[in-house]
Amino acid sequence: MSLDHESYAALSAGDIAEAVRDGRLSAAEVTEAAIARMELTEPHLHAFCTPAPDLARRSAAAVDAARAAGETLGPLAGVPVGIKDLVATKDLVTAMGSTLYRDFVPEDDDIVVERLKDAGAVILGKTNVPEFGYSGVGHNPVFETTRNPWNTDLTPGGSSAGSGASVAAGVTPFAIGSDGGGSVRIPSAHCGLVGVKASMGRVPLWPGCRDERFPGVSSWESLEHIGPMARSVEDAALMLSVIAGPDMRDRHTIPNDIAWLDEARAGQLRPLRIAFSEDFGYLAVDPEVRRVVREAATVFERDLGCEVVPADPGWSNPGNDFWGLVLADSDLAGMRAWLPDHASEMSPHLVKMLQTPHDDEALTNANMARKRLCNIAARFFGQYDLLISPTLTVPPFALHMQGPEKTDGRIVDPSDWLGFCFPFNMTGQPAASVPAGLTAEGLPVGLQIVGRHLDDATVLRAAAAYQAARPWAHLVPPLLSRLEAA
């Protein structure tokens, strides 16, 4: 079985692992095809801030040697993967989009990286992020700006920007993202992918967020999740089956009692009572997003036999309180110590945040607001099995912005476009973004599926059922057709 980069890009992670295990493909062949794909797309997308082709070749050779020796290969044998540059990789630069960590090489792999390596995955490189992840887009002071494969003048979303661009471009079948306020779901929506934020603690996280020695790195602890970004629900579930499960180094982890693959491959979705909100009762939403998501919502009732009820969750906009929690999780003293000598090298929005005074009551009020939000959510989800909504208020927008200042004729805060995502980091509930369709201009729109706390299984089952009812594999960014024809 020969493999060029176009044939490789059409394979799922599951296809690759099966072919490597049974000898139809070698891990080396797969890796060379992935590297060729990366070299083709990188000049246009800048998805990888630190490509690691030599590391990938060594990892692939180890997989092939293990097979030749008759060893049992792992569930991700030979599958290329991108690792978000906020996630620690031992012996591989983890710059986090900051000049202050430009040459930082961690002492340890993050738990998810350990698990991916043990499963036989091949790390192709580190994917680009905004500085320390304090943004929903894909530019930083260190590396080239990441661009959206659907339109390279537009953002792919962030903060898992490079992971989204890489998967959408067929460079890796899936990638690691992290999600403190939507950063798995945001680029998944903007790039036409599946992104899954499992329940808080389902996927362990260490040393990221928890290493007090490194200001900026040690942030977002009470909000952060790590999860897969993939082109299909099956591949997202396959990655989750490897990276989920408790670890003593993460005090938030919970037992892994979900049969991820079984749920993703399940047949009929049982009739569910689903709440559908177009705007949560307060968000300005682009009319094209409303149209596409409204059409997607009808699939659950018309094709999947569910009861879909228009209903808003019942809280007011928690945006200010969310950012209060981010600040409370951050090493403000350590980060502010950089400002006298390094402010000119840092992202302006991050400098502004660090220079703004915050009193103690603002931070404790944010924690009270989280408790209130969790209680409202618990009561709301007592009435509904799922909540579906847009993932974002707008389609992809221009590069080098933090967000639109006007949506559907309303002046908005530049972070309001993230308003469907971050409430579920505050509650810790499982949430996925799946492709809902395209705008009239051919840009991806995401549908968010949110479940009850710890009910990851129903979120995955609903995502898989929606994928079966309304497949999206045929939707390919136009850039790829142009590059492959050249």
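Leaving aside its neighbours within four places in sequence, which residues is Ser-433 in contact with? Let me start there. This is a predicted model.

Ser-433 is found in strand β12. Its partners fall along several parts of the chain. Arg-185, Ser-188 and Ala-189 are among them, and so are Leu-193, Val-194 and Gly-195. Then comes Thr-391. Gly-446, Leu-447 and Gln-448 complete the list. With Thr-391 there is also a polar contact, side chain to side chain, at 2.8 Å. Is Ser-433 buried or exposed? Its relative accessible area is 0%, so Ser-433 counts as buried.

Stay with β12 for a moment. This strand helps to cover the buried residues of helix α10. Also in that cover are β7 (273-276), β8 (307-310), β9 (386-390), β13 and α17 (456-469).

Now α10 itself. The helix runs over residues 287-302, 16 residues in total. From first C-alpha to last, α10 reaches 23 Å, close to the expected 22 Å. Which residues of α10 are buried? Four valines: Val-289, Val-292, Val-293 and Val-299. Add Ala-296, Ala-297 and Phe-300. Arg-290 is buried as well. At the N-terminal end, Asp-286 acts as the cap. One of its side-chain oxygens lies 2.8 Å from the backbone nitrogen of Glu-288.

On to the empty space. Pockets come before cavities.

The largest pocket has a volume of about 910 Å³. Its lining draws two or more residues from each of α11 (319-329), α14 (348-355) and α15 (360-381). Which element gives the largest share? That is α11, with 7 residues. In all, 34 residues line this pocket. Nearest its centre lie Trp-323, His-349, Met-353, Asp-413 and Ser-415. By type, the lining splits into 14 nonpolar, 16 polar and 4 charged residues.

A word on α11, given its share of that lining. Its buried residues are Gly-319, Phe-322, Gly-324, Leu-325, Val-326, Leu-327 and Asp-329. They pack against α12 (332-336), α14, α15 and α16 (423-427). Note the overlap: α14 and α15 pack against α11, and both also contribute to the largest pocket.

Next, the second largest pocket. Its volume is about 580 Å³. Of its 31 lining residues, the closest to the centre are Ala-9, Arg-231, Ala-473, Leu-475 and Val-476. Two or more residues each come from α1 (5-9), α6 (161-168), β12 (431-438), β13 (444-451) and α18 (478-485). Here β12 returns: it provides the largest share, 3 residues. The make-up is 20 nonpolar, 6 polar and 5 charged.

Last, the cavities. How many are there of 30 Å³ or more? The count is 6.

The largest cavity has a volume of about 180 Å³. It is lined by 21 residues. Leu-86, Phe-132, Ser-178, Cys-209 and Glu-224 lie nearest its centre. That lining holds 9 nonpolar, 8 polar and 4 charged residues.

The second largest cavity holds about 90 Å³ of space. Of its 14 lining residues, Met-200, Gly-201, Val-203, Glu-224 and His-225 are the closest to its centre. They divide, across the whole lining, into 5 nonpolar, 4 polar and 5 charged. Look at Glu-224 on the structure. It lies among the residues nearest the centre of the largest cavity, and among the closest to the centre of the second largest cavity too.

That is the tour.

Methods
Residues are numbered from 1 along each chain as its sequence is written. This is a predicted model: local features need pLDDT of at least 70, side-chain atom pairs count only at pLDDT 80 or more; totals for chains, interfaces and linings use all residues. Side-chain values use heavy atoms; hydrogens and water are left out. On a 1 Å grid over the protein atoms alone, a cavity is a set of points where a 1.4 Å probe fits but cannot get out, and a pocket is an open set with protein on both sides within 12 Å along at least five of seven lines; lining residues have an atom within 4 Å of a point. Grid points are joined across faces, edges and corners, and a volume is the space filled by probe spheres set on the points. Ala, Val, Leu, Ile, Met, Phe, Trp, Tyr, Cys and Pro count as nonpolar, Asp, Glu, Lys and Arg as charged, and the others, Gly among them, as polar. The expected span of a helix is 1.5 Å times one less than its number of residues. Buried means under 20% relative accessible area, exposed over 50%, partly exposed in between (1.4 Å probe, protein chains only). Contact means heavy atoms within 4.5 Å. A polar contact is a pair of N or O atoms within 3.5 Å; within protein, one must be able to donate a hydrogen and the other to accept it, and residues adjacent in sequence count only if both atoms are side-chain atoms.
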